[in-house]
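Reader: I am new to this structure and would love a close look at one part of it. Could you pick a pair of neighbouring strands, start there, and then show me what lies around them and elsewhere in the chain?

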Amino acid sequence: MRETVVAERRTPGSRRHFLGLGLAAAAGVCSCGTRRPDPDPQPSAGSPSSGPEPARTGLPSENSAPGSADWEVTNPGPAHAIEGFADRVSVLPGEGFGLHVSTAAAAFTVSAYRMGWYGGARARLLWRRAHVPGARQAAPRVDGPTRTVLTGWRRTLAVDTAGWPEGAYLLRLDAEDGSGQRYVPLTVRSAATAGRTVVMSAPATWQAYNEWGGHSLYNGPTGGLATRSLRVTFDRPYDYDHGAGLFLVYEAPLIALAERLGIPLAYTTGIDVAREPGLLRGATAVLSLGHDEYWSPEQRAQVTAARDAGTNLAVLGANCCYRRVRFEPSELGPDRVVVCYKDAWQEDPGYRAGAPATTDFRAGPGADPESSMLGVIYDGYPVDAPYVVGSPGHWVFEGTGATAGASFPHLVGVEYDRVNTAFPTPRPIEILAHSPVVCEGRRSFADTAYSTLPGGAGVFATGTMRWVEALDARGPGGSSADHGIDARAGDLVRKVTENVLRAFAAGPAGSARPARDNVRAVYGRE
């Protein structure tokens, strides 16, 4: 993602506002003008709720359970009133994890909510523990050479996930003196994905933007590159969205829609895909969600192999697979540190020891532009533009009522992708929406594209980062939908997403629905 300051920072209480995360300029980004050609019922304390037996999501036994209306943080309180993190990004059902919590309150309550679709409710309370003793943990310190924020916090509570269904979770911490609330995210991942659509969460990207403790992979206390971190750790809370990271804007709306459709789903993270070769074997589709920028070479290799074997791939955002990272252990376990030196890759001890450079994928050494996997390539930031339909007769637009040239204000932003055959591009590829943009004075286009592969897979890419966010747009622009995205755009995005998810869940979409290459017709050149 870009490394210039973003004005669209979320305001308190605005659930859907784009988390345009403050970022200071660095060499090698793809911002416009600086592109590189080479980024309910309440369970008793301490026990699972009584309810349906755990099952794969997308099946009625889980999604027909009663939801919980009270899952949201409504009283965040002052900074650091209460906050925490889990010592695992993901666990298998029944595995335990530790919560590390800091609070001045004498006691707190932790409630585990599974996020999804429950007859309109977005969450279900699975577990609650009250009267957990609270304590203020040590202030963070910063490692000098890499400016990594370190906590050293003690484990506060061990949590057993027995009886928790697979899915995306938010644990809410409530200080019992009323001083504040915060979230801690967790994935209860699937051990296998065969026959299912895989929701691939992007915690590495959440952590890259996390400025808790004063440093992220973009900023330091001065806001400049000289003080940004070169390594960031999951051993700290998230500062955005009351501790939820980027989940609520870029992932939760898609998960709710997919569960409402009832398609068989599996849950994992990009970190797990990187760590477990073969995890995606037999999956019908893999979903990259709204902001999925930071990938390791191992994750990319696994997703590409699955795609080549016939697993469909949907990129429901923009700026996907832009940064190349490495995962390293912390004192709490493996894969707890995200390493990305970016333009300072030559200083990376891991690179000097033989690991791939932690640069942009399209940059040397070892350049491998993301377009070879996705069909589209990140083209710039920032933009705010209408989404323009180009091929209303295509199957992805069935049931939308869209016509050729139909325009949907503000749906393209704040980052965008396009088809650019100057980079490696799978063919055939079909451009379905071709939206003019002006990015820092440079004219270009944001493209929604559909490509098909010899192994039978279909690849769908939206070309705009606001896609998942727009799934919740239901009112007049500027009221229920930030950026002016209105209900008309929300209806389009929901229907297109439903069409893609259903088609991709049915098997290799490229075999049943081959793309018809139209690059020359759209761009006037191959």
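Author: Gladly! Let us start with strand β12, residues 197–201, and strand β15, residues 285–288: the two pair in the parallel sense over four bridges. In this predicted model, M200 stands opposite S288 of β15. If you follow the side chains along a strand, it helps to know that in a regular strand they alternate between the two faces of the sheet.

Now step back to the sheet that holds this pair. It is an open sheet of seven strands in the order β14-β12-β15-β17-β25-β24-β23, and the pairing is mixed. At its edges are β14 (265–269) and β23 (429–439), each of which pairs on one side only. On average, neighbouring strands here are turned by 20° against each other, direction ignored. A helix packs on this sheet too: α4, residues 252–261, touches β12, β14 and β15. The direction of α4 makes about 160° with that of β14.

A second pair of strands is worth a visit. Strand β21 (residues 377–388) and strand β22 (residues 407–418) run antiparallel and are joined by eight bridges. One place to look is I377, whose bridge partner in β22 is R418. Strand β21 is mostly covered, with nine of its twelve residues buried.

Next, the charged side chains. Side chains of opposite charge can pair when their charged atoms come close. The structure holds 28 salt bridges, and a few of them make good stops on our tour.

One of them joins R122 and D472, whose closest N and O atoms are 2.6 Å apart. This pair links distant parts of the chain, 350 residues apart: R122 sits in strand β6 (residues 121–133), while D472 belongs to the loop between α9 (467–470) and α10 (487–505). D472 counts as buried because its relative accessibility is 18%, under the 20% cut-off. R122 has 22% and so counts as partly exposed.

Another salt bridge is formed by the side chains of D87 and R88, at 3.9 Å from N to O. D87 is buried, with a relative accessible area of 4%, whereas R88 is partly exposed at 34%. For R362 and E370, the side chains meet at 2.4 Å, N to O, and both R362 and E370 are buried. There is also a network, in which salt bridges with shared partners join R189, D272, R275, E276 and D335.

Loops deserve a look as well. T146 lies in the loop between β7 (141–142) and β8 (149–150). With a relative accessibility of 8%, T146 counts as buried. Leaving aside residues up to four places away in sequence, T146 touches R228, S229, L230, R231 and Y341.

Let us finish with helix α10, which we met beside the loop of D472. How far should its 19 residues span? At 1.5 Å a residue, the expected span is 27 Å, because the rule multiplies 1.5 Å by one less than the number of residues. The end C-alpha atoms of α10 are 26 Å apart, which agrees. After α10 comes G507, with a positive phi near 130°.

Terms used
Residues numbered from 1 in each chain as written. Predicted model: local features only at pLDDT ≥ 70, side-chain atom pairs only at ≥ 80, totals over all residues. Heavy atoms only, no water. Pairing = 2+ DSSP bridges. Axes fitted to C-alpha atoms, helices over the stretch in contact; angles between N-to-C directions. Contact = heavy atoms within 4.5 Å. Salt bridge = Lys/Arg side-chain N within 4 Å of Asp/Glu carboxyl O. Buried < 20%, exposed > 50% of the residue type's maximum accessible area, 1.4 Å probe, protein only.
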